[in-house]
Each structure stands twice: as C-alpha cells, then as structure tokens.
Amino acid sequence: MSDNTKLTDVIMPQLAESLVSATIGKWLKQPGDSIEQYEPLCDLITDKVNAELPATVDGTLVELLAEEGQTVSVGEVIARIAVAAPAAPSAPSAPATGAPAADTVPAAQAVSRPAVRAQAPAAGRPAAPAAAFDASAPMRSRYSPAVQTLAAEHGIELTAVPGTGLGGRITRKDVLTYLDNGGAAAGATAAPARAAGQQAPEALQQPAVQAIQEEVQEALEPVRHSGLHLSETPRIPTIEVEGGRGSSSEYLIDVTPIRNTIATRMRQSVSEIPHAWTMIEVDVTNLVILRNKLKDEFKRKEGINLTYLAFLMKAVVSAIKDYPIMNSVWAVDKIIVKREINISLAVGTEDSVMTPVIKKADQKNVAGLAREIDELAMKTREGKLRLEDMQGGTFTVNNTGSFGSILSYPIINYPQAAILTFESIVKKPVVINDMIAVRSMANICLSLDHRILDGVICGRFLQRIKDNVEGYTPDTKLY
C-alpha cells in the first residue's frame, strides 16, 4: 500500500434492532476491484430479509475477512478498502497578467463530483457516449446482474441504452424497452430521464442502502409466488449442480444461505414445539356467491383482486379476539398473550417461503385486509420486503388451497402458538336435512403448540372460524 492511501474497515451493520448477526450470501466485489461509494459490496442474508451492503467510500477493495456463507456478528470487520488520502494543499501560483488562475473557477461554473465521475469512468469500464452522461446520472455505469445477462443474450451495448432508474441507472425494463423499439427510438426517452433527474436531485440524497436496494430490486425479474396468484406454470428453480448428470446416478445441489436459514428455523420449530394437528370442514357456498357478486366492482374500484383469503383472515381475526390464547408464545414459566393481532402471511416463491406481517389486523375490514394482502404479496414477488414487514407476527395463515391442496400439516412459525391453512374450495355432495345437495366445501387445518393449547380450546376456535365463514351472506359489506 502506498504512502498516500489508508485502509478503511467495512463493518457488519446492524440491519435491525433484534438482529445480532447476518450471513454473507455472495461477494459482489473481489480484492483488487475499484469501488465507488454506494456500490454494492456483498449480499447479506438474515432470517428476516435479504439486503445489499453498499460501500461508504471510493477506493480499492484489498482484503476480504469473511467468506461466502459465513455468519458474522454485528460490528465485526468483514473487508478492507484502500482509500486515497487527501492531497496536501499547495500554494496557488500567480496567474499571468489579465488571465484567470487555472484552478480558479467561478461557483456557477464549478463541476459537481457526480459530473466528474461521469466524465472519467473507472478503469476497465467502457466509456459511454458523452450525451449519455450528465451531473444527475452518477449511477449510469452501474449494471445489475439481471441487466448484464439480458444485454449479453441480445448482444446489446449498454452504453447506448437510456437509463430511467435512480441517478440514470439502466434497469431491466429499460433494456426490454430498448429491444421493443429496435434500438432506434430508445434515445427519445433519454432526455426526459435526464430532465427528471435534474428536477429531482433530492433522489440522489437517499440513504445508501435504500438507494441500492431499490435499483437492484427494480432490475430483478418478478418472481411468481404460489400463495395467492396461480396464473402460470411454476418455473423450475435455478440450481447449481456439482458433477455432470451423465457421469453419475446422482448429482449435488448447493444449499443456499436462505435455504439453510429456512432449514434451521424449521428444525427449531419441530424440535422445541410439540406439534398437534386438527381440521374442520367448512361450507363456503355463500362466500363463493358473495365474492362473485363483489369481485368485479372491487377490481374496478381498488385495482386489485378480491381473494377468498381476505374473508378467511377476517374470520380468523374475529375468532382470535374471542379466544386470545391462540395469540400467544411459550416462555417456559409463563405464557405470553399478545394484545395486538398481527397476522403472518406465508408466501412461497420458487426457492423460499417468506412470512410478511399484517399489523393490527383486527382493526381492518375485509377491503383493508385485501389491500394489505395484495401489497405484501407484490413486495414478496419483487423482493422488496423490508425488515419491518417481517417482524411482529403473532399468528400465521397460509393459503395452501391456491395451489390445489385439500389437506396439509403445516409447521408452526416459531415461536408462535399456532398456524392455520385454508385449503382448496371443492364442490361436494353434502347431506342437508336428509337431502343431498351440491355445496362448495373447504378444509381448514390447524397445527398447534400442545404446551399452550389443547384440543378443546382449538376445537372451539375452529368452530368459531367455521361459524364466521359460513355467516357471510350476499349482503355482507366489505367496508
């Protein structure tokens, strides 16, 4: 290291008050790479949510002190960056008579730091056309993996693609728009994008983590989730295989950090909680009629789908208010009953299961619950869940029926006392007053912590949910 540089430690941040560590998912930079401020260094994984760790300084990455997959405590040093020391001030030389000093520039003509960075790209990075850069686009030359992959597949020179993201950054949507326009008309959007950046310079002042996460997540391909919208054939998860398929009778799949976290939490739940299970059958014929009556108008008014899950959740929340012991946690010598009813919504993607939380669900009507469900589902699909979206859950609901299940035995979302699943609605012949009728029926399944809950209380709880669901009529109001 030369005399005019100094080492800056990269510290594992505390991503949330309750988190004491995080796992290094993947290093996005390697020793020797040039680093710009706010550029992501690595992926961090916690049991709540994933995030990228941005650099806080410009410099060169010289050392990695934590490996991929390693869990690091908050406050530990995980890497070091060599930063150029500020140059010693020198006395200005006297200008020639009648000529201004060479390093004296009027304030109105001074070039901002982002503009300088745009005019002098880092070594090894192709310089874009001058027209593509301006002082409002310091992130222009930072490309996400999704953007780079898409550009490589179609042989696109990214310097020719107008960027509409934060700071002029190119998003996946920009590349697709460029392709749709054949590359000819894409330049028409560059000027408005720059104008937008000039009109809103405050966007460049956002906190580093938020800015980086928003840009990367916008570039990611949306992930279909199985919890609420079953509208396409599921994709097979992308896996890394060790060894060729043809050379052996088996092959190996690497366990990702997020899959390892899920495995740890599930093992903890099963090993510490004595699970018991029960199920009840519910006649949802009136609910089907009610939803069919309201869904089109609700879609026009709210812009989102009115799902059965919103009605079920309202019924569950009302039942929890009648049986608050369901909203509790085991604490060895005490049972902690939570006053707030915060419903965790299990949402499965192709490679993970997340449980975002609807806070104070007992204070929301059916329409409000529908909006919350749609918002959390959208965040999960787009990878935009925040730490606060995942915290505080007291009872979990899973809509397993959306992918055809009629009976399931869920694992409790530790440390909660119970988890409930809503299964597929199926038309069945049912005996009513000694006559056979075709009705829409669904199963509701409940896994319970037998240290806290017993069959009697859970049976009454499920019966109350059944009464609430079967109590919906064509005149039930959403608001």
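Which strands does helix H6 lie across? The helix, made of residues 257-272, lies across strand E2 (21-27), E4 and E5. Relative to E4, helix H6 runs at about 20°. The model discussed here is a predicted one.

The strands under discussion belong to one sheet. Four strands form this open sheet, in the order E5-E4-E2-E7, and their pairing is antiparallel. Strand E5 (50-54) and strand E7 (71-73) are at the edges, and each has a single partner strand, so one side of each has no neighbour in the sheet. On average, neighbouring strands of the sheet are turned by 40° against each other, direction ignored. In general, the strands of a sheet pair through backbone hydrogen bonds, in either a parallel or an antiparallel way. Strand E4, residues 40-45, pairs with E5 in the antiparallel sense over five bridges. Within this part of the sheet, Leu-44 stands opposite Ala-51 in E5.

One residue of the sheet can be followed in more detail. Thr-23 has its place in strand E2. Is Thr-23 buried or exposed? Its relative accessibility is 12%, and because buried means under 20%, Thr-23 counts as buried. Leaving out residues up to four places away in sequence, Thr-23 touches Asp-43, Leu-44, Ile-45, Gly-69, Gln-70, Thr-71 and Pro-257. Leu-44, the residue opposite Ala-51 in E5, is thus among the contacts of Thr-23. Pro-257, another of these contacts, belongs to helix H6, which covers residues 257-272.

The next topic is the nonpolar interior. The largest nonpolar core has 55 residues, and those touching the most other members are Leu-312, Met-313, Phe-395, Leu-420, Leu-446, Phe-461 and Ile-465. Helix H8 (residues 308-322) gives the largest share of this core, with eleven residues. A second core, separate from this one, has 18 residues, including Val-10, Ile-24, Ile-35 and Val-83. Returning to Leu-312, its contacts are Val-397, Leu-420, Phe-422, Ile-444, Ile-465 and Val-469, when residues up to four places away in sequence are not counted.

Helix H8 also holds Asp-322. With a relative accessibility of 42%, Asp-322 counts as partly exposed. Asp-322 and Phe-461 are 139 residues apart along the chain, while their C-alpha atoms are separated by 8.2 Å. Phe-461 was named above among the core residues that touch the most other members.

Cysteines come next. A disulfide is, in general, a covalent bond between the sulfur atoms of two cysteines. How many disulfides does a search of the whole structure find? The search finds zero. Two cysteines can still be described by their accessibility: Cys-445 counts as buried at 0%, and Cys-458 counts as buried at 1%.

Charged side chains form the last topic. Side chains of opposite charge can pair when their charged atoms come close. The count of salt bridges comes to 18. One of them joins Glu-39 and Lys-29, with the closest N and O atoms 3.0 Å apart. Glu-39 is in the loop between strand E3 (34-35) and E4, and Lys-29 is in the loop between E2 and E3, so this pair ties together parts that are ten residues apart in sequence. Both partners are buried: Glu-39 has a relative accessibility of 5%, and Lys-29 has a relative accessible area of 15%.

Another salt bridge links Arg-439 to Asp-283, and here the closest N and O atoms are 2.9 Å apart. Arg-439 is in strand E20 (residues 435-449) and Asp-283 is in strand E11 (residues 275-283), so the pair ties together parts that are 156 residues apart in sequence. Arg-439 is partly exposed at 22% relative accessibility, whereas Asp-283 is buried at 15%.

A further pair is found within one helix. Glu-470 forms a salt bridge with Lys-466, their closest N and O atoms being 2.9 Å apart. The two residues are four places apart in helix H10 (residues 455-470), so about one helical turn separates them. Glu-470 is partly exposed, with a relative accessible area of 29%, and Lys-466 is buried, with 17%. Elsewhere, salt bridges that share partners join Glu-375, Lys-379, Arg-386, Glu-388 and Asp-389 into one network.

Key:
Residues are numbered from 1 along each chain as its sequence is written. This is a predicted model: local features need pLDDT of at least 70, side-chain atom pairs count only at pLDDT 80 or more; totals for chains, interfaces and linings use all residues. Side-chain values use heavy atoms; hydrogens and water are left out. A nonpolar core is a set of buried Ala, Val, Leu, Ile, Met, Phe, Trp, Tyr and Cys residues joined through side-chain atoms within 4.5 Å. Buried means under 20% relative accessible area, exposed over 50%, partly exposed in between (1.4 Å probe, protein chains only). Contact means heavy atoms within 4.5 Å. Two strands pair if DSSP finds at least two bridges between them. Axes are lines fitted to C-alpha atoms, for helices over the stretch in contact, and angles run from 0 to 180 degrees between N-to-C directions. A disulfide is a pair of cysteine sulfur atoms within 2.5 Å. A salt bridge is a side-chain nitrogen of Lys or Arg within 4 Å of a carboxyl oxygen of Asp or Glu.
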